[in-house]
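Subject: Structure handover

Hi,

Here is the structure I promised to pass on. Have a look at it first, and then read on for what turned up.

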Amino acid sequence: MFRFRSVVARTITLHLLAIAVTSLFMPLALYLMLKQAAEALHDRALREQAAEIVGYLASGPEGGLRLNLPAPLAELYSEAYGRYAFAVLDERGKVLFSSLSAKQAIADAVQPVRDAAYFSTRRGAAELYGVSLPTEIAGRKLWVQVSQDLAHRDVLIDDIVADFFTRVGWITAPILFLLLAIDVVIIRRAVRPVIAASNLAERIGPLRTDLRLPERRMPREVQPLVHAVNQALDRLEEGFRGQREFTADAAHELRTPLTILRTQIDMIADRELAQSLRDDVENMSRLVNQLLEMAELETFVIDRHETADLVAVSADVAAFLAPIALADGKRVAVIGARGPVTVRGNPDMLGRAVRNLVENALAHTAAASTVEIAVDPHGTISVSDRGPGVPAAEREQIFRRFWRRDRRRQGSAGLGLSIVARIAERHGALVSVDDRPGGGAVFTLAFPAVLAASGAAQNALAAVS
């Protein structure tokens, strides 16, 4: 069975089914009621005509009966008129009076005991419908029969009954569909607070844990659910806040002892031991800084008017890391676009992302090789190295927190690439890794759009060159 995911769609569909059934059966029911009313009206008219004839029957001399019909009434029942006929029978079925020739009865053996009886019969090609009404005059039991030729039945009533179904059907359907349209408006107005709450719920996430669903205008049936959801969001926000505060506090608390430890190491006479300890402290400092960055990213929101030049960000990172790379016999180079490539984003955060990518590349690239930062005019930054590359099975895992391929390797906590992925997510960018032709890996940050200003600058630069 098909299930609707929308309450409004489900309600409207059920209303359509109800309208279809009602449009079919309501005119039919009204037609049957009207037809029954028309037949009852016809039966009553025939019975009244028979009672009228009874009123003109009277006892005659020597126990006989006489019937004195007024001229207009006699003309109504004449065979020349041909619309109505009557006959008066005694208890033996003998015809005493009749409007038919040769004093014929209209129908045989229609003699009810107490009440009127209705009958149908044929006389030649004519189809007759009539009533047999019992009465008693001067102690004699009589039956008065009155019939009507159905070919001359009341044309107005017959036409109304015959056309009723189609006419009422065409009127009923538009009225019901108008009611459906009104129902749709009413339903949409009734569920409008629910729809608004649903749209607001889509915006709730790690960056907007402060949002809550409105309870004031919510339907009474939904209020308990909304209240429970808001309570769950309160607990979730409190958990997020506690986690962020713990990470930030722990990192801040670790900075002071690390600074003291670094000062004490400088006082050690054994230079080889001091350098080994200094390297360990630097690794710990790097971990603390990354933890602080992770805590900061949880609350970081990009201003919608903020922009960043990818070329300038890449150049700053290369200038900062070039001395470190040269100390290890490696190089850092910026290639690609010569003019500004402007995107929406925070330059400092984007600089951290590119720096983490370059530091990761420097840690894996071969000695005497160059780590390249390529900026594409269409809004991408690629960091290439000449290291061992990343196997296809690990390309999604490397962006998870604390993931490391070789946990025995010192100097890495597995947070750098996860920071890159989180910064990319905040900027609506995509981060990916592929193989570099000739060996190595290529990490790419692809932004959704380049601002028009940077495009204009590119065109101007191309024109000058």
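To start with a residue you can find quickly: is Ala138 buried or exposed? Ala138 is exposed, because its relative accessible area is 61%, over the 50% cut-off. Please keep in mind throughout that this is a predicted model. The residue belongs to the loop that links strand 6 (126-137) to strand 7 (140-149). Its backbone may catch your eye too: phi of Ala138 is near 55°, a positive value although the residue is not glycine.

A second alanine also has a positive phi: for Ala368 the angle is near 65°, again in a residue other than glycine. Ala368 sits in the loop between helix 7 and strand 11, and with a relative accessibility of 54% it counts as exposed. Its contacts beyond four places in sequence are Gly329, Lys330 and Arg331. The C-alpha atom of Ala368 is 8.3 Å from that of Asp328, although 40 residues separate the two along the chain.

Now the sheet. Five strands make up an open sheet with mixed pairing, in the order 9-11-12-14-13. Strand 9 (331-336) and strand 13 (430-435) are at the edges; each has a single partner strand, so one side of each has no neighbour in the sheet. From one strand to the next, the twist averages 20°. Strand 9 pairs with strand 11 in the parallel sense, over six bridges, and Ile335 stands opposite Ala374 in strand 11.

Helix 7 deserves a look of its own. It lies across strand 9, strand 11, strand 12 and strand 14, and runs at about 150° to strand 11. Of its 18 residues, 13 are buried, so the helix is mostly covered. How does its length compare with what 1.5 Å a residue would give? The 18 residues of helix 7 should span 26 Å, and the end C-alpha atoms are 26 Å apart, which agrees. At the N-terminal end, Asn346 acts as the cap, with a side-chain oxygen 3.0 Å from the backbone nitrogen of Asp348.

That brings us to the interior. In soluble globular proteins, nonpolar side chains tend to be buried together. Here the largest nonpolar core contains 40 residues, and Leu310, Leu350, Val358, Phe443 and Leu445 have the most contacts inside it. At least two residues of this core come from each of helix 6 (310-327), helix 7 (347-364), strand 11 (370-376), strand 12 (380-384), helix 8 (416-426) and strand 14 (441-446). Helix 7 gives the largest share, eight residues.

For a closer view, try Leu445. Beyond its neighbours within four places in sequence, Leu445 is in contact with Ala353, Leu357, Gly379, Thr380, Ile381, Val420, Ala424, Leu430 and Val431. Apart from this core there is another one, of 22 residues, including Val54, Leu65, Ala116 and Tyr129.

Happy browsing, and do write back with any questions.

Best wishes

Conventions:
Residues numbered from 1 in each chain as written. Predicted model: local features only at pLDDT ≥ 70, side-chain atom pairs only at ≥ 80, totals over all residues. Heavy atoms only, no water. Core = buried A, V, L, I, M, F, W, Y, C linked by side-chain atoms within 4.5 Å. Buried < 20%, exposed > 50% of the residue type's maximum accessible area, 1.4 Å probe, protein only. Helix = DSSP H or I, 4+ residues; strand = E, 2+ residues; numbered from the N terminus. Contact = heavy atoms within 4.5 Å. Pairing = 2+ DSSP bridges. Axes fitted to C-alpha atoms, helices over the stretch in contact; angles between N-to-C directions. Expected span 1.5 Å × (residues − 1). Polar contact = N/O pair within 3.5 Å; in protein donor to acceptor, adjacent residues only side chain to side chain.
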